[in-house]
Amino acid sequence: MAAATAAAAAATAGAKPRARTRWVRLRRDKVLLLMMLPGVLYFGVFQYLAQLGNIIAFKDYVPFVGIKDSAWVGFQQFSTLFADPDFWHAVRNTFELALIQLVFYFPVPLALAMFLFSLTRNWVRKLVVSFVYLPHFISWVVVVGLFVQVLGPSGMVNNLLTHDSHHVVVNVFRDPAWFKPMMLIELIWKDCGWGTIIFLAALYQVDDALYEAASLDGAGWARRTWHVTLPSIRPVLVLLLILRVGDVLSVGFDQVMQQRDTFTPAAAEVIDTYVYNHGVGSGQFSVAAVAGLLKGLVAMVLVFGANKVAHKLGEQGVYQ
């Protein structure tokens, strides 16, 4: 009895300091916690609470009767979606475009960041950085319009090649085969500069003594890059690659919508535009919800898989 009483007293004495310590930490960090509150509310309401709406994937959702009173149909909407050849066409287009962006776009910001890092004159670096950052703030409507003005039927290139307005030499926006290359070119032009920010921050953290030691050993630019730069920023590379893989199926809704009809839906339909056109356009909200739900599940599997590979390579990844 006495031993139990002593243990309870010890537990009470241990709990009080812990509670007091937690309260002290809350008071100490109250400003930071208040600054974090809007972000937490945003993710809670618009990212997590909104997931409850995916219940319409298992219902025959009718907006006029609401989610609660719509009929429960189980996996019937899944069967409807899987029987639609347009959905599989959008899936194939999305994966092809995602692979192209991952292979050809992801290394471009790294290469540009290494080029900017190699510039020795600060005013030149600031000028180039400002120049490559600016396109990120231009909307996709304007970006696509600029490319049409250059490569469209009445664009600058055609005007230079011929003076006959009825003779079109170059019109990539009418050729479905040019859809994926143009998506890549537009993405690189708009966002590769913005993508250098994290790479530049990582490059500035590399110890200069490593470069000096490599130079004394006779290493040229290529060897210093391979043996010093890339190993030093590898954790950042892996982290950004995992985040990119998790978002790889989002191939650019705004960008695709601006030119989907120009390249024809057969060539330019992706999962995001399929969801929009079947949900908002055709009123098939439940089928569109199934497509969106499956896309989210695939993205989650890709993140878990990429993070597992990162652990196998000895990197920390997104989580432990």
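The largest pocket of this predicted model holds about 910 Å³ of space. Its lining counts 22 residues, and those closest to the pocket centre are Q47, Q51, N54, G292 and G296. A pocket here is an open set of points on a 1 Å grid over the protein atoms alone, with protein on both sides within 12 Å along at least five of seven lines; a lining residue has an atom within 4 Å of a point. Grid points are joined across faces, edges and corners, and the volume is the space filled by probe spheres set on them.

The model is predicted, so local features need pLDDT of at least 70 and side-chain atom pairs count only at pLDDT 80 or more, while totals for chains, interfaces and linings use all residues. Numbering runs from 1 along each chain as its sequence is written, and side-chain values use heavy atoms, with hydrogens and water left out.

Helix α18 (285–312) and helix α2 each supply at least two residues of the lining of the largest pocket. The most comes from α18, with nine residues. Helices are DSSP runs of H or I with at least four residues, numbered from the N terminus.

The second largest pocket has a volume of about 550 Å³. Of its 21 lining residues, Y105, D191, G195, R244 and D247 lie nearest the centre. Two or more lining residues come from each of α5 (85–105), α10 (179–191), α11 (196–203) and α14 (234–246). The table sets out both linings by class, where Ala, Val, Leu, Ile, Met, Phe, Trp, Tyr, Cys and Pro count as nonpolar, Asp, Glu, Lys and Arg as charged, and the others, Gly among them, as polar.

| Pocket | Volume | Nonpolar lining | Polar lining | Charged lining |
|---|---|---|---|---|
| Largest pocket | about 910 Å³ | 13 residues | seven residues | two residues |
| Second largest pocket | about 550 Å³ | 12 residues | six residues | three residues |

The whole structure has six salt bridges, each defined by a side-chain nitrogen of Lys or Arg within 4 Å of a carboxyl oxygen of Asp or Glu. One of them joins E96 and K180, whose closest N and O atoms are 3.3 Å apart. Because E96 lies in α5 and K180 in α10, this pair ties together parts that are 84 residues apart in sequence. E96 is partly exposed at 35% relative accessible area, whereas K180 is buried at 17%. Buried means under 20% relative accessible area, exposed over 50%, and partly exposed in between, with a 1.4 Å probe and protein chains only.

K190 and D191 also form a salt bridge, with closest N and O atoms 3.9 Å apart, and both residues are buried. In the salt bridge between R260 and D261 the corresponding distance is 3.1 Å. R260 is buried, with 13% relative accessible area, while D261 is exposed at 57%. A network of salt bridges links R260, D261 and E269.

On the surface, Y42, F43, V45, F46, Y48, L49 and L52 form a nonpolar patch with about 810 Å² of accessible area together. Patch residues have over 30% relative accessible area and no salt bridge; nonpolar side chains (Val, Leu, Ile, Met, Phe, Trp, Tyr) are joined within 5 Å, like charges within 9 Å. Areas come from the Shrake-Rupley method with a 1.4 Å probe, and for residues only the protein chains shown count as cover. Within the patch, F46 lies in helix α2 (residues 30–48) and is exposed at 56% relative accessibility.

R121 sits in the loop between α6 (107–118) and α7 (122–133) and is exposed, with a relative accessible area of 54%. Its C-alpha atom is 42 Å from that of A299, a residue 178 positions away along the chain.

Key:
1 Å grid on protein atoms, 1.4 Å probe; cavity = no way out; pocket = protein on both sides within 12 Å on 5 of 7 lines; lining within 4 Å.
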